[in-house]
Amino acid sequence: MATTQPTKTILRLELPTDPRWVNIAEKNIEEILVDHAYCEQKAATSGISLIVKYPDKERLVEEMTELVAEEWSHFERVMEQLKKRGFGLGRNRPDEYVVELTKHIRKGNKRERQLMDHLLVNALIEARSCERFKLLWKHIQDEELQKFYYELMVSEAGHYVSFVKLAKEYMPAEEVDARLKELLAIEADIIRNLEPRPDRMH
Ligand SMILES: [Fe+2]
Ligand SMILES: [Fe+2]
C-alpha cells in the first residue's frame, strides 16, 4: 500500500510488531489510551531533561523546546479522547521497553557520545510508537481514533527523523549511522523478548 512504504523505509525497524497486538489493544482501549497518555508525558519530560542537561547546545535547546510543546499537545489530545469515552487518567505503569532501551545509553565522560546515544534511543522510541500508531490507524474500528492515530503517526515519524538529524549535529554522520544500526538490532531483540501486552503501547 502506498502509505505503508514511506514509513517503512524511513523508520528502518528490524522487527515488525506482532500483528495480534492491535486486536488485543483495541479490546483494551481504555488501558491503551492511559498508557499512551503517559508515553506522551514521558516524551515531553525527556525533551525537558535534554534541555536541562545540554543548555549549551543551542540547536538542541531550540528543537527540544518545539518538541516538548508538541508532545504536550499530544498528551492533551489523548486526555481529550479519554474524557470523551468517560475514562480518567489511570496510574502510570513502568514502560519495560523504554527502561530496557535506555540501558543502552552509554555513560562515562564522553558527553557528545552520551548525547548521541540518548538522541538515538529517543529516535527509536518514536519509530516504534509510530509503527504502533500505524497499526492502530489501519486496523482499529473507531473512525475518530483512526484519524487521531494517523495524525500522531505522521508527527512521530517526523520526530524520529529530527532526532537522528540532531545526533548528526554533534557527532560525525558515519558514527551516528553505525550506532543507529547497533541500536536497531538491540531494539529488535528487546521487542522479540517482550510479550505483546494488551494494555501497553509498547
Ligand atoms: Fe507524541
Ligand atoms: Fe514524538
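**Helix packing and the iron site in a predicted model**

Helix α3 (residues 29-53) packs against helix α4 (residues 58-84) at about 160°, and their axes are 8 Å apart. This is a predicted model, in which local features need pLDDT of at least 70, side-chain atom pairs count only at pLDDT 80 or more, and totals for chains, interfaces and linings use all residues. Residues are numbered from 1 along each chain as its sequence is written, chains are lettered from A and ligands numbered from 1 in the order in which they are written, and side-chain values use heavy atoms, with hydrogens and water left out.

Helices here are DSSP runs (H or I, at least four residues), numbered from the N terminus. Axes are lines fitted to C-alpha atoms over the stretch in contact, and the angle between N-to-C directions runs from 0 to 180 degrees. On that scale, α3 and α4 are roughly antiparallel to each other, given that angles over 145 degrees get that label, under 35 count as roughly parallel, 65 to 115 as roughly perpendicular and the rest as oblique. Their crossing is left-handed, a term for a near helix turned anticlockwise from the far one by less than a right angle, with right-handed used if the turn is clockwise.

Helix α4 has another packing partner in α7, at an angle of about 165° and with the axes 11 Å apart. Here too the two helices are roughly antiparallel, and the crossing of α4 and α7 is left-handed. Leucine 67 lies in α4 and is buried, with a relative accessible area of 6%. Buried means under 20% relative accessible area, exposed over 50%, and partly exposed in between (1.4 Å probe, protein chains only). From leucine 67 to glycine 158, the C-alpha separation is 10 Å, although their positions lie 91 residues apart along the chain.

Now for the metal. The iron ion (ligand 2) is held by Glu71 (OE), two OE contacts from Glu126, Glu156 (OE) and His159 (ND1), at 1.9 to 2.4 Å. Donors are N, O and S atoms within 2.8 Å of the metal (3.2 Å for Na, K and Ca), and water is not among the atoms, so sites may look incomplete. Along the chain, the donors of this ion are spaced as E-x54-E-x29-E-x2-H. The pair of glutamate 126, in helix α6 (residues 111-139), and glutamate 156, in helix α7 (residues 143-170), links distant parts of the chain, 30 residues apart. Both of these glutamates are buried. Glutamate 71 does double duty: it bridges the iron ion (ligand 2) and the iron ion (ligand 1), which lie 3.5 Å apart.

Helices α6 and α7 also hold a few buried alanines worth a look. Alanine 123 lies in α6 and counts as buried at 0% relative accessibility. Its C-alpha atom is 6.4 Å from that of valine 164, 41 residues away along the chain. Alanine 167, in α7, is buried as well, with a relative accessible area of 1%. The C-alpha atoms of alanine 167 and alanine 123 are separated by 9.6 Å, with their positions 44 residues apart along the chain.

Helix α6 packs against helix α8 (residues 173-193) too, at an angle of about 50° and with axes 10 Å apart. That makes α6 oblique to α8, and the crossing of these two is right-handed. Alanine 185 lies in α8 and is partly exposed, with a relative accessible area of 34%. Alanine 185 and glutamate 14 are 171 residues apart in sequence, yet 6.9 Å apart in space, C-alpha to C-alpha.

On to the rings. The structure holds four aromatic pairs, where rings of Phe, Tyr and Trp (its six-membered ring) pair if their centres lie within 6.5 Å. Phe133, Phe148 and Tyr149 form one aromatic cluster. Tryptophan 21 has a charged neighbour: the charged end of arginine 132 sits over its ring, 5.0 Å from the centre. A charge sits over a ring if NZ of Lys or CZ of Arg is within 6 Å of the ring centre and within 35 degrees of the ring normal.

Terms used
Phe/Tyr/Trp six-rings, centres within 6.5 Å; stacked < 30°, edge-to-face > 60°.
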